[in-house]
2 protein chains.
Amino acid sequence: MNTETHKAYGASSNTAALEPMHIERRATGAEDVKIDILYCGICHSDIHQVRNDWKNSKYPVVPGHEIIGRVVATGANVTKFKEGDLVGVGCMVDSCQDCPSCHNHLEQFCENGTIYTYNSPDKHLGGYTYGGYSTGVTVQQDFVLKVPENIDAKGAAPLLCAGITTWSPLSHWKVKKGDKVGIIGLGGLGHMGVKFANALGAHVVMITTSPAKAEDAKTLGAHEVLISKDAEAMKAHANSFDFILNTVPVGHDVNPYLSLLKIDATMVMVGAVEPLEAVNGAGLIRGRKRIAGSLIGGIKETQEMLDFCGEHNITADVEMVNMQDVNNAFERVIKADVKYRFVIDMESLKN
Amino acid sequence: MNTETHKAYGASSNTAALEPMHIERRATGAEDVKIDILYCGICHSDIHQVRNDWKNSKYPVVPGHEIIGRVVATGANVTKFKEGDLVGVGCMVDSCQDCPSCHNHLEQFCENGTIYTYNSPDKHLGGYTYGGYSTGVTVQQDFVLKVPENIDAKGAAPLLCAGITTWSPLSHWKVKKGDKVGIIGLGGLGHMGVKFANALGAHVVMITTSPAKAEDAKTLGAHEVLISKDAEAMKAHANSFDFILNTVPVGHDVNPYLSLLKIDATMVMVGAVEPLEAVNGAGLIRGRKRIAGSLIGGIKETQEMLDFCGEHNITADVEMVNMQDVNNAFERVIKADVKYRFVIDMESLKN
C-alpha cells in the first residue's frame with residue numbers, strides 16, 4: 001500500500017520523553033479524508049498512554065485525539081467533505097459500523113472494538129494507529145467532524161474530547177433550562193461542563209475543593225460556587241441538584257456528592273476510571289439516587305455538540321504551545337497548571 | 001387521649017431478647033382504621049433495630065412491618081375500608097402528605113420525615129411507634145392497604161416489605177416481557193424478585209454464589225441460574241442484562257455484576273445499606289452503566305403490587321412461627337436458615 005510520510009512527536013517507551021519522529025500514514029482511500037493538522041489539544045489521557053499507565057500502550061505512541069485541521073484531499077466516495085473544509089477528529093477513527101452499538105450511534109461502545117485515534121490496531125497499515133501530534137492524518141469520512149467556521153479553531157480542538165465527554169452526559173440526561181446542575185472539578189473537562197450547562201440554561205454550581213477557583217468558575221458561567229470541604233455549605237445544598245457531572249480524574253469519596261442529589265437524580269462520572277472509595281449503599285437507597293458513567297460520545301452526538309458550539313460561540317479556554325515544548329506541557333498538565341487546556345500549534349512542527 | 005392496651009413482644013435494650021409486654025395504642029380516630037393483626041412477617045431489619053445496629057433504636061422496640069389483619073373498627077371519616085376487610089400495613093404508618101415527595105406518591109422519601117411503623121416519633125401518644133409483633137394496631141386510613149382475598153393471607157405478610165422493596169424497582173425501571181433480568185441473592189427479597197420478574201414476563205436469571213440454590217431458584221421462577229463464582233459463566237453473560245436487582249444485604253464487590261449489564265442498563269441496590277467495596281469507575285464509564293438504590297415503595301405503588309399479586313396469585317414462601325419462638329426465629333434469619341420468610345401467627349399471642 002502506498003504511504004505518505006509525516007513529521008510527528010511520539011514516545012518510544014514508557015519512560016521516554018516525546019521526541020521527533022517520522023511516521024507513515026496510508027494514502028487517501030476512496031472513503032478517506034486527508035487532513036492537514038492545524039492544532040491538537042493535549043488530553044491527560046495522552047500522558048497516561050505515553051507512560052503506559054493503563055498497561056495497554058504499544059510503542060511508539062504518537063498521542064493526540066483533539067485534532068483540528070483542513071481537508072487537503074478526499075477519496076472518490078467522499079460526499080460529506082471537500083478540500084478546504086475546517087474539520088475535527090476526536091478519540092475515534094473507525095468502528096465496525098455494523099453492531100447494535102454502532103447502529104445506535106454509540107461507536108464508542110462498538111461491540112467489535114472501537115478503533116481509537118491512537119494506540120488501536122491499524123487495519124490499513126498493520127501496527128497501531130498514530131494520533132494528532134503530527135502534521136497530517138487520513139481518516140474514514142464517517143469519523144470526521146465538521147467544525148463551524150465561526151468559532152476559534154484553536155479553542156475548538158479540545159471540543160473533540162473534553163467537549164464531547166462533558167456534552168454527552170448533559171445531553172443524554174436531558175439537562176434543561178432551570179435545572180440545578182453541579183459540575184465537580186474545574187479542569188479541562190469541568191470548564192467545558194460549566195460552559196455547556198450554562199448555555200443549556202441550567203443553574204450551574206461549580207463544586208470544588210478550592211476556594212481559589214471561585215472567581216474563574218463564575219467567569220466561565222457558574223452561577224454559584226460550592227466549596228465541598230465546607231460542611232455547612234454542603235448541608236445547605238443537600239438534596240437539591242437535578243444532575244451532577246463529576247469530572248474528578250482519580251478515585252475519590254463520592255458519598256458527599258450523592259447527598260447533594262435530589263430524589264431520582266443522577267451523578268455521572270466521566271473522569272475517574274479508577275476505583276471509587278466505598279460507595280455508601282444507603283446514600284443511593286435513600287432517595288432512589290443513581291451513579292452512572294459516560295465515555296466520550298458517539299459521532300452523531302459529537303457533530304451535534306460542535307453545531308451547538310457554533311450557535312452559542314463556545315470553545316475551550318486554551319494555552320497555545322509549540323510541539324517542541326510538549327514535554328514541559330505534560331508536566332504542567334500533571335500539576336493542573338493550565339487554564340484549561342494546552343493546544344499544540346502544529347505550525348511549529350512543520351517548520 | 002384514650003388508649004387501648006395490646007399484648008406485644010418487644011426488646012427493652014439492645015442486648016435483651018424479645019419478651020412479652022403490654023403496649024398502649026391510640027383509640028380509633030376519625031381517620032383511623034383499627035386492625036386485628038393476624039400475621040406479621042419477620043424482616044431482617046427487625047433484628048437490626050432490636051439490636052440497635054443502626055444506632056437509632058428507641059426502647060422498648062416492638063418490631064414488625066409486614067402486617068396482615070382484619071379491620072375491626074373504622075373512624076367517622078374512613079371511606080376506604082369497612083369492618084372485616086383483609087388489610088395490610090407495611091413499613092410506614094404516616095407522612096406529612098404535603099411535600100413534593102408525598103404529592104409524588106413517594107411517602108418513603110417524605111421531606112418532613114416518614115413515620116415508620118415502629119421506632120418513629122408517635123405524634124398521637126408521644127414516644128415512639130410500635131410495630132406489628134402485637135395483637136392489634138390503629139393506622140391512618142391512607143397508610144392501610146387492601147389485600148386481595150384470593151391470595152394466602154399468611155404468605156401475603158412479607159409482600160408489605162420484601163414484596164414492595166423488590167416490586168418497586170422492577171416497576172419503576174419498567175421491566176417488561178422479554179427483558180433479561182438478573183436477581184442477585186436468594187433470600188426473603190430475592191425470592192420475591194424472582195417471582196415478580198417472572199410474572200412480568202422477563203427472562204429471569206438467578207445470580208448466586210451458591211450452586212445449592214439452583215433448583216429452588218428454578219422452582220420459584222428463574223429460567224437460568226448463574227453462579228457468580230464461575231468466571232467462565234460470568235464471562236458468557238457479560239454485557240447481556242437489561243436490569244439487575246441486587247438484594248445482597250451487606251457491603252460487597254459489585255464490579256463483577258456491573259460487567260453483566262448491557263449498555264445503559266441499571267443495577268439497583270435494595271439490600272446493602274453499608275458501604276460497597278470500591279466501585280470501579282471504568283466499569284460504569286465503559287457502557288454508560290448505572291448503579292441506583294431503591295427504598296421500599298410508595299403507598300400507591302404498594303397497592304398496585306398487591307393488586308398484581310391478586311391477579312397473578314403471588315405470595316411469599318413462608319414458614320409459620322409462634323410469637324413465643326421469635327427469638328429462635330431471629331437466630332435462624334441471621335443464619336439465612338429460612339425459606340424464605342418467617343411469619344408470626346398472632347393467634348399464638350392472643351391465647
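**Strand pairing between the chains.** I began with strand S15 of chain A and looked for its partner in chain B, and I found three bridges joining S15(A) to strand S15 (residues 290–293) of chain B, the two running antiparallel. I then asked which residue of S15(B) stands opposite Ile291(A). It is Ile291(B). I note here that the model is a predicted one.

**The interface as a whole.** I looked next at the contact between the chains, in which 29 residues of chain A meet 29 residues of chain B. On the chain A side, strand S14 (261–269), helix H9 (281–285) and strand S15 (290–293) each supply at least two of the residues that touch chain B. Sorting that side of chain A by class, I recorded 16 nonpolar, seven polar and six charged residues.

**Domains of chain A.** I looked up the domain assignment, which gives domain 1 of chain A as 3–161 + 316–350 and domain 2 as 163–293. The C-alpha centres of these two domains of chain A lie 29 Å apart, and their contact takes 11 residues from domain 1 and eight residues from domain 2. The residues on the domain 1 side of this contact in chain A divide into seven nonpolar, two polar and two charged.

**Helix H10 of chain A.** I turned to helix H10 (residues 299–312) of chain A, whose 14 residues reach 20 Å from the first C-alpha to the last, close to the 20 Å expected at 1.5 Å a residue. Which residues of H10(A) are buried? I listed Ile299(A), Thr302(A), Met305(A), Leu306(A) and Cys309(A). They cover an arc of only 115° around the axis, and therefore they sit on the same side of H10(A). I followed the packing of these buried residues of H10(A) to strand S5 (86–89), strand S9 (145–146) and helix H4 (162–172) of chain A. Just after H10(A), I noted that Asn313(A) takes a positive phi of about 50°.

**Helix H10 of chain B.** I then went through helix H10 (residues 299–312) of chain B, where 14 residues at 1.5 Å a residue should span 20 Å, and the end C-alpha atoms are indeed 20 Å apart. Its buried residues are Ile299(B), Thr302(B), Met305(B), Leu306(B) and Cys309(B). Why do I describe the buried residues of H10(B) as lining one face of the helix? Seen down the axis, they fall within an arc of 115°, so they line one face. In chain B, the buried residues of H10(B) pack against strand S5 (86–89), strand S9 (145–146) and helix H4 (162–172). My last entry is Asn313(B), which follows just after H10(B) and takes a positive phi of about 55°.

Definitions and conventions. Residues are numbered from 1 along each chain as its sequence is written. Chains are lettered from A and ligands numbered from 1 in the order in which they are written. This is a predicted model: local features need pLDDT of at least 70, side-chain atom pairs count only at pLDDT 80 or more; totals for chains, interfaces and linings use all residues. Two residues are in contact if their C-beta atoms, placed from the backbone, lie within 7 Å. Helices (H or I, at least four residues) and strands (E, at least two) are DSSP runs, numbered from the N terminus. Ala, Val, Leu, Ile, Met, Phe, Trp, Tyr, Cys and Pro count as nonpolar, Asp, Glu, Lys and Arg as charged, and the others, Gly among them, as polar. Two strands pair if DSSP finds at least two bridges between them. The expected span of a helix is 1.5 Å times one less than its number of residues. A residue is buried if 20 or more other C-beta atoms lie within 10 Å of its own, exposed if 12 or fewer, and partly exposed in between; C-beta atoms are placed from the backbone. The arc is that of the directions from the helix axis to the C-beta atoms. Domain bounds come from an automatic or database domain assignment.
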